[in-house]
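Biologist: Please guide me through this model, beginning with the helices and going on to the sheet and the backbone.

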Amino acid sequence: MNAAAQAGAGARDGLSAWIAPARTALVIIDMQVDFAAPDGQIGQWGVDLSAVPPALEKAQALAAAARKAGTPVVFVALVTRKETDSVAWRERMRRRGGDAESDSGLCRAGTRGADFYGPQPLPGEPVVEKARYSGFHQADLDRVLKGLKVDTLVVAGLTTECCVDCTVRDAFHLDYHVFVARDACAAYEPDVHEAALKSLELNCAILVDTDQVVAAWEEAA
């Protein structure tokens with residue numbers, strides 16, 4: 001067996017222990033109307049959303065398996081307000097020739113655009129609001145995870161190269177073991193999705209498929 005095959009076998013053999021429910025949380029990032037629904041803001045801009053529904057379906061399967069196994073499910077949501085809009089974001093958009101006012105209005109607090117789309121939190125499941133890309137930046141995600149006494153994350157969400165990427169990197173910097181469910185994440189361009197996954201795999205995460213995670217949690221259940 002060559003080195004790559006040995007590594008793959010080791011990963012399969014170890015996954016159930018590595019993501020055991022007692023130590024793991026499923027983190028679902030930014031699966032919200034403005035990012036995922038045809039009538040959300042991104043959809044209204046004419047962006048191709050065809051990669052999103054399969055990721056939503058896989059994330060829903062992960063959530064169902066996690067709940068059955070007793071793995072905590074944590075939802076992370078972008079919620080923006082004019083008073084907390086990023087100065088750097090607005091200026092970057094202006095310098096790129098964009099409309100900083102409309103582009104800053106994604107997932108505005110109190111609007112349908114900020115609602116979850118696809119997987120929905122159940123009563124009692126933590127919901128962490130953020131105002132930047134990372135779920136850890138000036139948000140309660142680390143405190144929530146520490147309260148759950150987990151050291152391992154399985155991550156799903158939108159978009160792979162942006163909020164998923166930033167959250168995963170920060171999680172790694174905070175010493176969490178991170179697994180990214182590659183088929184439960186999506187970007188609006190396939191090559192961007194694949195490039196983001198490759199970068200995360202090289203530097204700070206282990207890539208898994210939803211079926212692998214579900215099988216591991218079913219075994220635990």
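Biologist: How do α8 and α9 lie to each other, roughly parallel or roughly antiparallel?

Modeller: This is a predicted model, in which local features need pLDDT of at least 70 and side-chain atom pairs count only at pLDDT 80 or more, while totals for chains, interfaces and linings use all residues. Residues are numbered from 1 along each chain as its sequence is written, and side-chain values use heavy atoms, without hydrogens and water. The angle between α8 (160-173) and α9 (residues 190-203) is about 5°, and their axes (lines fitted to C-alpha atoms, for helices over the stretch in contact, with angles from 0 to 180 degrees between N-to-C directions) are 10 Å apart. Angles under 35 degrees count as roughly parallel and over 145 as roughly antiparallel, so the relation of α8 to α9 is roughly parallel.

Biologist: How many nonpolar residues has the contact of α8 with α9?

Modeller: Contact means heavy atoms within 4.5 Å, and here T160, E161, D165, V168, R169 and F172 of α8 meet V192, H193, A196, L197, S199, L200 and N203 of α9. Asp, Glu, Lys and Arg count as charged, Ala, Val, Leu, Ile, Met, Phe, Trp, Tyr, Cys and Pro as nonpolar, and the others as polar. The contact has three charged and four polar residues, and its nonpolar residues number six.

Biologist: Which helix does α4 pack against at an angle of about 10°?

Modeller: The axis of α4 (residues 52-69) is 9 Å from that of its partner, α10 (residues 210-220), and the angle therefore makes the two roughly parallel. K58, A61, L62, A65, A66 and A69 of α4 meet T210, D211, V213, V214 and W217 of the other helix. By class this contact has eight nonpolar, one polar and two charged residues. The helix packed against α4 is α10.

Biologist: Which strands stand at the edges of the sheet?

Modeller: Helices (H or I, at least four residues) and strands (E, at least two) are DSSP runs numbered from the N terminus, and two strands pair if DSSP finds at least two bridges between them. The open sheet has six strands, paired in parallel in the order β3-β2-β1-β4-β5-β6, and neighbouring strands are turned by 25° against each other on average, direction ignored. Two strands have a single partner each, so one side of each is left without a neighbour in the sheet; these are β3 (127-130) and β6 (206-208).

Biologist: Which residue stands opposite L26, and what angle does α7 make with β2?

Modeller: β1 (residues 24-29) runs parallel to β2 (residues 73-78), joined by four bridges, and the residue of β2 opposite L26 is V73. Helix α7 (residues 141-148) packs on the sheet, where it touches β1, β2, β3 and β4 (152-158). The direction of α7 makes with that of β2 an angle of about 175°.

Biologist: Which peptide bond is cis, and which residue has a positive phi although it is not a glycine?

Modeller: Most residues other than glycine have a negative phi, and most peptide bonds are trans. With omega near -20°, the bond from L158 to T159 is cis, and T159 lies in the loop between β4 and α8. In the loop between α6 (100-103) and β3 lies C107. The residue with a positive phi, about 55°, is C107.

Technical notes
Angles under 35 degrees count as roughly parallel, over 145 as roughly antiparallel, 65 to 115 as roughly perpendicular and the rest as oblique.
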